[in-house]
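Welcome to a short tour of a protein model. Take a moment to look over the sequence and the structure before reading on.

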Amino acid sequence: MGLTRRDFLKVSGVTALGTSLALSGLSYEELLSKAQEADQPINIVWTGNGWCGGNTIAFIDAMNPSVEDVVTGVYFNGKPITLRQPSISDLGMINLVYHPILMPQDSMAYATMEMALNGELDPFVLVVEGTMFDEFGVYYKKPSGSFWCSAGRKPDGSVLLCDEFVFNLMKKAAAVVATGACATYGGIPATTNGLGQRSPTYAMGMLDDPYRGIYGFPYYAHQVYTQDLAPDIIDQDIYSVTNSPVNTSWPGPSYHWLSAGGLPIISIAADPPAGDWIMRTLVSAVLYLRGLGPNPADDLDVFNRPKFFYGNETHQNCPRAGFFAQGIFAYEFGDPQCTYSLGCKGTEANSPAPRLGWVGGVGGCTRGGVCIACTAPGFPDLYEPFYAPPNAPTIPSTTLFAAAAAAGIIVGVGSYAFSRRKRLPQTQGGKR
């Protein structure tokens, strides 16, 4: 019929866009036209909250594709600057509008937020790195005038809270991507110490952690609004503003929040994920927004992780898995056999780390080390101590999500029995 492969992908992608973008009032022809406008920029806004910057370092280290392959422009003092022609032409223009490390000007956060609220950045992808905090006293009443996390300053010199910054960006974002253990399910800052006790910050991720009973930021913002705790800051219900259902079913209400583009929060889980995982997930979101790729929501697992990275257990991707199947386990680090006996949680977590490596296929946490399940909800509480054999099935420390027990950690009976064996003593001849 004279339809090229590229045109077919565009038409297919636009068809997938139909449902979520119908609310915009665009016709099919207009959607097709937008998909063909390579000059229409897709903007990236990257926030840093309670973070260490590890995801940013990983992002810069991405190689397939690299930052240079994808990002074509930046913003400076509110003005776009084109760096070069795109290396991957189908992606079109992609501007990195804001990043708190790469663009450290204190005033840029507020200016970026205002531009987003005014629609000047549409369409944009919001990347959230680091945990969010209980600034408004849903769980803990902190001293008056204090704050946990600042994104910068407002024009009047007052503090721009990270919660306010992310909340306002979420209202307008076409897609929201949480990267890293902290931003996804709360990670180490949200630890309950195995006793169900939270830190005063009540750190949380963007998504609920049903194993530890921690609500994510969308539902937190919903609670702030319904309790009228910050009427001048959280001035709208984050669910209503994007026509999202407030659904508390498992794994939690934050999984059911949808962006302005009709997408759930996409989780790039790990502490941190490899740069290629971040970059390819962002590219998939951009391709979707351009009408060139499928809906990312169609390929997410139950914890909103892309199946093309998290579809298999870390164990299933491990070159040592054959030893596990034969019941041959390492006695000490450096042994080539399966490290389940040394504490590897690869049977309880999902990631491609053993197969893909870290930078250019080289290195990685499981290349000699053990998996500590940093890609999973419940990390770190459910998987400590890291260098001890995996524990028996664990029940969540709180009943916040009763159904979480049904998805508890299950390990093979034989493997568990082995894991409880004490290491055999050395003989004088050096044999066990």
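## Two helices that cross

In this predicted model, helix α6 (residues 162–172) packs against helix α8 (residues 217–226) at an angle of about 100°, and their axes are 11 Å apart. Axes here are lines fitted to C-alpha atoms, for helices over the stretch in contact, with angles from 0 to 180 degrees between N-to-C directions. Helices (H or I, at least four residues) and strands (E, at least two) are DSSP runs, numbered from the N terminus. An angle of 65 to 115 degrees counts as roughly perpendicular, and α6 and α8 are therefore roughly perpendicular to each other.

Which residues meet there? Asp163, Val166, Phe167 and Met170 in α6 touch Phe217, Pro218, Tyr220 and Ala221 in α8, where contact means heavy atoms within 4.5 Å. The residues of this contact divide into seven nonpolar, no polar and one charged. Ala, Val, Leu, Ile, Met, Phe, Trp, Tyr, Cys and Pro count as nonpolar, Asp, Glu, Lys and Arg as charged, and the others, Gly among them, as polar.

## Aromatic pairs

Rings of Phe, Tyr and Trp (its six-membered ring) pair if their centres lie within 6.5 Å; planes under 30 degrees apart are stacked, over 60 edge-to-face and the rest tilted. The count comes to 20 aromatic pairs, including these two:

| Pair | Centre to centre | Angle between planes | Type |
|---|---|---|---|
| Trp250 and Phe303 | 5.8 Å | 65° | edge-to-face |
| Phe379 and Phe386 | 5.9 Å | 10° | stacked |

Trp250 lies in the loop between α9 (238–241) and β9 (266–268), and Phe303 in the loop between α10 (275–289) and α11 (307–310), so their pair ties together parts that are 53 residues apart in sequence. Trp250 is partly exposed, with a relative accessible area of 29%, while Phe303 is buried at 6%. Buried means under 20% relative accessible area, exposed over 50%, and partly exposed in between (1.4 Å probe, protein chains only). Ring pairs also link Trp250 and Phe303 with Tyr185, Tyr211 and Tyr255 into a cluster. Phe379 is buried, at 3%.

## The whole chain and its confidence

The protein has 14 helices and nine strands, and buried residues make up 52% of its 432 residues. The mean pLDDT (the predictor's confidence in each residue, from 0 to 100) is 82, and 80% of the residues reach 70 or more. pLDDT stays under 50 over residues 1–28 and over residues 392–432. Where pLDDT is low, the predicted coordinates should not be read in detail.

Residues are numbered from 1 along each chain as its sequence is written, and side-chain values use heavy atoms, leaving out hydrogens and water. Local features need pLDDT of at least 70 and side-chain atom pairs count only at pLDDT 80 or more, while totals for chains, interfaces and linings use all residues.

Definitions and conventions
Parallel < 35°, antiparallel > 145°, perpendicular 65-115°, else oblique.
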